[in-house]
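Please open the model in a viewer and keep the chain selector at hand. The tour below proceeds from one selection to the next.

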Number of protein chains: 4
Amino acid sequence: MKLRLAPQWDVDGWLNTDRPLSLPVLKGKVIALYAFQMLCPGCIHNSVPQAQRVHDAFSRDDVAVIGLHTVFEHHEAMRRPALEAFAHEFRLGFPIGIDRHENGEGMPRTMKTYNMQGTPTLVLIDGSGMLRKQKFGHEHDLVLGAEIMSLIREKPE
Amino acid sequence: MKLRLAPQWDVDGWLNTDRPLSLPVLKGKVIALYAFQMLCPGCIHNSVPQAQRVHDAFSRDDVAVIGLHTVFEHHEAMRRPALEAFAHEFRLGFPIGIDRHENGEGMPRTMKTYNMQGTPTLVLIDGSGMLRKQKFGHEHDLVLGAEIMSLIREKPE
Amino acid sequence: MKLRLAPQWDVDGWLNTDRPLSLPVLKGKVIALYAFQMLCPGCIHNSVPQAQRVHDAFSRDDVAVIGLHTVFEHHEAMRRPALEAFAHEFRLGFPIGIDRHENGEGMPRTMKTYNMQGTPTLVLIDGSGMLRKQKFGHEHDLVLGAEIMSLIREKPE
Amino acid sequence: MKLRLAPQWDVDGWLNTDRPLSLPVLKGKVIALYAFQMLCPGCIHNSVPQAQRVHDAFSRDDVAVIGLHTVFEHHEAMRRPALEAFAHEFRLGFPIGIDRHENGEGMPRTMKTYNMQGTPTLVLIDGSGMLRKQKFGHEHDLVLGAEIMSLIREKPE
């Protein structure tokens, strides 16, 4: 695919961070963006634990793991208090943004902007803000570790 | 432990069944009762999938799997619509009762009656309504399969 | 299938037992016979660990786990010293018989007698010596636990 | 640790390669060297499958996976024909060298040269032949993927 700038996410709240996070704020870091829903089995079993592993394995100076709660179904069941309980019980330490809805229903904004097909979706953004990978489904740890390091290594000195 | 009659559960709603289920209704069947919370990691990863396996492996004439949603924390996050979304997404087919709260908070009634220490808790009840096993945490499939069959086999002809 | 007497195995050596084991010696116990090869991936990953779990979970008075090393390929690689090293390294505690070859090659005798299609194969024999189950491949723990207990429970008093 | 040149391995035979492989032959590639024994449970369950995953995930131009069969116990059980059967049954595609013994027993030469403590041991060597990592036990895929890519990226252009 042609390189293109990653679109800015649009969220209406954050967990696990004191300040709003944006592409400009994270400039210079590789971003691993995990779009998930707290009641999506593939997210719970595979992607969310992987997001936590990436958060634990790499230096915070090099890699920023961002969870993005992209609720597009069962909206009543996945409001902010539910997400907070989920993050607490699963001991998630990475920042999680809540993807913004036009009117509390339907597909949220960032999910639309990125043309995501569902959850989980993994997005890698390099230190210059370019979108480098977008994958619907699960990526193997070995491949992901290599991809993230490759992006770290190409950062401008 | 001394044999004793299993106390009746006390729920204020059901999923996956058209009629309320009770000990008298299930008399003659072995009951595998799974107390769980939808946001409890040990429940999601181990006990709830096992409940579904038991539901699939044994004849409905011999064994009744009953889920019991015993919410004692994060009440706002685990109301009925959330549980319905969870059961739908994880494709749960067994009946699930919602343990009754005095006032919408705290430890629910059946959990108290059974003196449960937390979730997940597995309870086995024989065809005569006697409480035969209560375990906080996970039981291995091999042992559980044997225990259930042992109770099936002792049913009065 | 029609019930039939389990054929006697024919081995030319044992590990993990001081005396030769046979159907008459084990009469009254349920026998879980695991035909395996030490270099068969499905055996190493699934069946041999399950055999050890069965050996650990049930009373020795009720259930006898018997390994049967049915080498039908790579004969040079799976002679007795190799099997001994394997059993030691994988900490196997159940008795293992070495299926007898006519002339050191080809398919061994017990494997032929039972018409086994390959490894792993699981055989269940009841306390009366009847062949009750024969399965090529892996059986789930939940089902196996139930089947073994069912055979235990039908033992003549 | 201080950087030092990786010692040359010393083997008396190869599987899965038509020509002997050495550090000079592989110069310019990152080498993932897996010391293992075919009857070591940790090797069979974790390291050998990981070696195959690394072999499959990276370009052969960038990374050379080398198995090293470092037999230091149960020598009779792990001679070349046994190793060939093992590699065949587990569908291993990467080259495997057989670590040389002084007299057919004891700890083999390369294992001694590298001061390995046991199996499995993972060694990473960079494109310049420097020893960059040596770990007794298992490494997580995410970390390993990152480490390998880091070494690839520092290769002289």
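**Helix crossing between chains B and C**

Select the two copies of helix α5 first: α5(B) passes α5(C) in a right-handed crossing. The model is a predicted one. In each of the two chains, helix α5 covers residues 141–153. The axes of the pair come within 7 Å and cross at roughly 40 degrees. Angles under 35 degrees would count as roughly parallel and those from 65 to 115 as roughly perpendicular, so α5(B) is oblique to α5(C).

Next, display the side chains along this crossing. From α5(B), the residues that meet α5(C) include Leu142(B), Val143(B), Ile148(B) and Met149(B); among their counterparts in α5(C) are Leu142(C), Val143(C), Ile148(C) and Met149(C). Asp141 and Arg153 of both chains also belong to this contact. Coloured by class, the contact of α5(B) with α5(C) shows 12 nonpolar, 4 polar and 4 charged residues.

Now widen the selection to the whole contact of the two chains, to which chain C and chain B give 14 residues each. On the side of chain C that touches chain B, α2 (41–57) and α5 each supply at least two residues. The largest share, 10 residues, comes from α5(C). By class, this side of chain C has 8 nonpolar, 3 polar and 3 charged residues.

Finally, select chains A and B. A turn of 180 degrees, with a shift of 0.0 Å along the axis, lays chain B on chain A with an RMSD of 0.0 Å. That is the relation of a two-fold axis. Of the interface residues of chain B, 100% are also interface residues in chain A, so the copies meet through the same surface.

Notes: Residues numbered from 1 in each chain as written. Chains lettered and ligands numbered in written order. Predicted model: local features only at pLDDT ≥ 70, side-chain atom pairs only at ≥ 80, totals over all residues. Least-squares fit on C-alpha atoms with pLDDT ≥ 70 in both. Contact = placed C-beta atoms within 7 Å. Axes fitted to C-alpha atoms, helices over the stretch in contact; angles between N-to-C directions. Helix = DSSP H or I, 4+ residues; strand = E, 2+ residues; numbered from the N terminus. Parallel < 35°, antiparallel > 145°, perpendicular 65-115°, else oblique. Left-handed = near helix turned anticlockwise from the far one by under 90°. Nonpolar A, V, L, I, M, F, W, Y, C, P; charged D, E, K, R; others polar.
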